[in-house]
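Welcome! Please take a moment to look over the sequence and the model before reading on.

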Amino acid sequence: MKDVKQLIGLIIFISLTQNLLGQPRSKDYYWGVKAGAVFPTNLGRSDDEIGFKDVASTGFISGLTAGWNYNERLSLAAELNYQYLPKKESFWNVESKGTFSANYQSSSLLITGNYHFSSEGWRPYCGVNFGMHYLRNRIDFNSKYNGTDNDASIDYTATEWHPGFGCQFGTMVELTKNTQLVLETRLSIIPYLKEKMVPIMD
């Protein structure tokens, strides 16, 4: 159970997305774009632990997807996504010591697989995803003591590649013969992600 709890404790975000999928001539292949909201979460962490929800606010996700319908119930797809989450103002409150800005960004290349419970009309589905995430955390602190011995100003950017996986569920709605609207909720997990402490003041 230790590994499972550790894994749950490293959940990074839940994303609500909408995909407008335009299918070309063959129904076997499809492509589309997505846009939606990203919500940081502290799932799996105790109240005395700092989680992603404590330091980041709701952000957005956008991306491209291309897939293949193996049959009427199974589909596979590749996704390229970008996410941006701003800092949480209540946590990063250092106005008495200077000006501060921070954000959390990530780009991901994922493979997804879905099982569809229906082959026509409203098509609810569930599935899994896995791939690589490029994480970028930017911190910029300009101390009010800039130029003095007490200057603790810092301009710091941390970047890392991490594997991740997750699950999703949603439904597809046919708008036209070649166009579908997809409403999806996704839970993404990046395991073994360690915190990095960057001092910005004495």
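What follows is a short tour of the fold, the confidence, the core, the aromatic rings and the cysteines.

**The chain as a whole**

Keep in mind from the start that this is a predicted model. The chain holds two helices and eight strands, and reading along the sequence gives the pattern α-β-β-α-β-β-β-β-β-β. Of its 202 residues, 40% count as buried. Contacts also reach across the sequence: among those between residues at least 6 apart, 63% join residues at least 24 apart. The accessible surface of the chain comes to about 12,000 Å², and carbon and sulfur atoms account for 59% of that surface.

**How confident is the prediction?**

The mean pLDDT of the chain is 76, with 78% of the residues at 70 or more. Where is confidence lowest, and where is it highest? The lowest mean, 29, belongs to helix 1 (residues 2-8), while strand 4 has the highest, at 92. Over residues 1-18 pLDDT stays under 50, and for this stretch the model has 64 contacts beyond four places in sequence.

**The nonpolar core**

The largest nonpolar core has 13 residues. Those touching the most other members are Phe52, Val55, Ala56, Leu85, Trp92, Phe100 and Tyr104. Helix 2 (52-55), strand 5 (98-116) and strand 6 (123-143) each supply at least two residues of this core. Strand 5 gives the most, with three residues.

Val55 is a good place to look around. Which residues does Val55 contact, leaving aside its neighbours within four places in sequence? They are Ile50, Pro86, Lys87, Lys88, Phe91, Trp92 and Tyr104. Two of these, Trp92 and Tyr104, also appear among the core residues that touch the most other members.

**A cluster of rings**

The model has five aromatic pairs. In one of them, the rings of Phe60 and Tyr82 have their centres 6.1 Å apart and their planes at 55°, so this pair is tilted. Phe60 sits in strand 3 (residues 59-69) and Tyr82 in strand 4 (residues 74-86), so that the pair links parts of the chain 22 residues apart.

Phe60 also pairs with Tyr84, and here the rings are stacked, at 6.0 Å centre to centre with 25° between the planes. Because Phe60 lies in strand 3 and Tyr84 in strand 4, this pair ties together parts that are 24 residues apart in sequence. Phe60, Tyr82 and Tyr84 form one aromatic cluster. Are its members buried or exposed? Each of them is partly exposed, as the table shows.

| Residue | Relative accessible area |
|---|---|
| Phe60 | 39% |
| Tyr82 | 29% |
| Tyr84 | 26% |

**The cysteines**

How many disulfides does a search of the whole structure find? The answer is zero. Cys126 is in no disulfide, and its nearest cysteine sulfur, that of Cys167, is 9.0 Å away. Why is there no bond for Cys167? Its sulfur lies 9.0 Å from the closest cysteine sulfur, in Cys126, which is too far for a bond, because a disulfide needs the two sulfur atoms within 2.5 Å. Cys126 counts as partly exposed, at 33% relative accessibility, and Cys167 is partly exposed too, with a relative accessible area of 39%.

Terms used: Residues are numbered from 1 along each chain as its sequence is written. This is a predicted model: local features need pLDDT of at least 70, side-chain atom pairs count only at pLDDT 80 or more; totals for chains, interfaces and linings use all residues. Side-chain values use heavy atoms; hydrogens and water are left out. Buried means under 20% relative accessible area, exposed over 50%, partly exposed in between (1.4 Å probe, protein chains only). Rings of Phe, Tyr and Trp (its six-membered ring) pair if their centres lie within 6.5 Å; planes under 30 degrees apart count as stacked, over 60 as edge-to-face and the rest as tilted. Helices (H or I, at least four residues) and strands (E, at least two) are DSSP runs, numbered from the N terminus. A nonpolar core is a set of buried Ala, Val, Leu, Ile, Met, Phe, Trp, Tyr and Cys residues joined through side-chain atoms within 4.5 Å. Contact means heavy atoms within 4.5 Å. pLDDT is the predictor's confidence in each residue, from 0 to 100. Accessible areas come from the Shrake-Rupley method with a 1.4 Å probe; for residues, only the protein chains shown count as cover.
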